[in-house]
Amino acid sequence: MPRPRKRPTGAAGPEKKGQSEKRTKFENSGEASAKVENSSPQNTSVFKNCGKKLSNYWLMKSEPESRLDKGIDVKFSIEDLKAQPMQTACWDGVRNYQARNFLRAMKLEEEAFFYHSNCKEPGIVGLMKIVKEAYPDHTQFEKNSPHYDPSSKEDNPKWSMVDVQFIRMMKRFISLAELKTYHQSHKATGGPLKNMALFTRQRLSVQPLTQEEFDFILSLEEKEPS
């Protein structure tokens, strides 16, 4: 399938409005080039509780605004995903071991929120699903790519990607600020977003969600912004 030049946020710095939060689909660009964060492949298992799967739901960040890295525009918005053939694209460029391991844990038909990051108004804009499980990320071998990794070998690739397909837009935009308000409130009350990775593991561009978190965020569509 065509591989659009979109970039995720592989791993990103703590997000703030108007401040670079990552590299799209990619690692953070407030952090220069596809830099591997402080996770090692040995300590980033996506499983816990005697091997039970951590999550069936995900949040995946990508930059909706143009930004050049090594002469390549790393922009990839939900509108770009919708414009792809079959509204499907590969989620390449992740260069953080824990985010990579989350990609490798994804299964067909699992759903993910598409999160616009590193932009004026970060937040959740839509839903997509996994339509191809993890396979080697071609950009790690492309010397002109911002995601090139000379230490990765084709017979033992370090980095993986999945294919995602657009499902729908959110009924309304769910902003980072709104989610943060609920997170702070839920920390005190024990609500669904008390441990949400968006705030406890901010640097990750690929994050697991519990079913409780996923359902609560979906319920916000029917409410006025807080």
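# Group meeting talk: salt bridges, rings and a six-strand sheet

Hi everyone, let me start with one contact: the side chains of Arg172 and Glu178 form a salt bridge, and their closest N and O atoms are 2.7 Å apart. Before I go on, please keep in mind that this is a predicted model.

So what surrounds that first pair? Arg172 counts as buried, because its relative accessibility is 14% and the cut-off for buried is under 20%. Glu178 is buried as well, with a relative accessible area of 4%.

As a reminder, side chains of opposite charge can pair when their charged atoms come close. In this model the count comes to eight salt bridges, and I'd like to show you two others.

Let's take Asp137 and Arg95. Their side chains meet in a salt bridge, at 2.9 Å from N to O. This pair links distant parts of the chain, 42 residues apart. Asp137 sits in the loop between β8 (123–136) and β9 (160–175), while Arg95 sits in the loop between β6 (88–90) and α2 (97–105). Are these two buried or exposed? Asp137 is buried, with a relative accessible area of 0%, and Arg95 also counts as buried, at 1%.

Now for Glu79 and Lys82. Here the closest N and O atoms of the salt bridge are 3.8 Å apart. Both residues lie in helix α1 (residues 78–83), and they are three residues apart, about one turn of the helix. Glu79 is partly exposed, with a relative accessible area of 44%. Lys82 is partly exposed too, at 28% relative accessibility.

On to the sheet, if you turn the structure with me. How are the strands ordered? Six strands form an open sheet in the order β6-β9-β8-β7-β3-β10, and the pairing is mixed. At the edges stand β6 and β10 (206–209); each has a single partner strand, so one side of each is left without a neighbour in the sheet. Direction ignored, neighbouring strands of this sheet are turned by 35 degrees against each other on average.

Within the sheet, I'd like to stop at β7 (residues 111–116). This strand is mostly covered, with five of its six residues buried. Strands β3 and β7 run parallel and are joined by six bridges. With β8, strand β7 pairs in the antiparallel sense, over six bridges. If you want residues to click on, Trp58 stands opposite Ala112 in β7, and Leu59 stands opposite Phe113 in β7. Ala112 also stands opposite Met128 in β8. The hairpin of β7 and β8 has six residues between the strands, and Asn118 there takes a positive phi near 55 degrees.

Next, the rings. How many aromatic pairs does the structure hold? There are seven. In one of them, Tyr57 and Phe214 are stacked, with 4.2 Å from centre to centre and 20 degrees between the planes. This pair also links distant parts of the chain: Tyr57 is in strand β3 (residues 57–62) and Phe214 is in helix α5 (residues 211–219), 157 residues apart. Both Tyr57 and Phe214 are buried. Ring pairs link Tyr57, Phe113 and Phe214 into a cluster, and Phe113 is the β7 residue that we just saw opposite Leu59.

Rings also come together with lysines here. Lys61 lies over the face of Tyr115, at 5.7 Å from the ring centre. Lys132 lies over the face of Tyr135, and in that case the distance from the ring centre is 3.9 Å.

My last stop is Arg168, which lies in strand β9. Arg168 is partly exposed, with a relative accessible area of 27%. Which residues does Arg168 contact, leaving aside its neighbours within four places in sequence? They are Ile78, Gly126, Leu127, Leu218 and Glu221. Between Arg168 and Phe114, which are 54 residues apart along the chain, the C-alpha atoms are separated by 9.9 Å.

To wrap up, here are the places to revisit on your own screens: the buried salt bridge partners Asp137 and Arg95, the mostly covered strand β7, and the cluster of Tyr57, Phe113 and Phe214. Thanks for listening!

Methods
Residues numbered from 1 in each chain as written. Predicted model: local features only at pLDDT ≥ 70, side-chain atom pairs only at ≥ 80, totals over all residues. Heavy atoms only, no water. Phe/Tyr/Trp six-rings, centres within 6.5 Å; stacked < 30°, edge-to-face > 60°. Helix = DSSP H or I, 4+ residues; strand = E, 2+ residues; numbered from the N terminus. Buried < 20%, exposed > 50% of the residue type's maximum accessible area, 1.4 Å probe, protein only. Lys NZ or Arg CZ within 6 Å of the ring centre and 35° of its normal. Salt bridge = Lys/Arg side-chain N within 4 Å of Asp/Glu carboxyl O. Pairing = 2+ DSSP bridges. Axes fitted to C-alpha atoms, helices over the stretch in contact; angles between N-to-C directions. Contact = heavy atoms within 4.5 Å.
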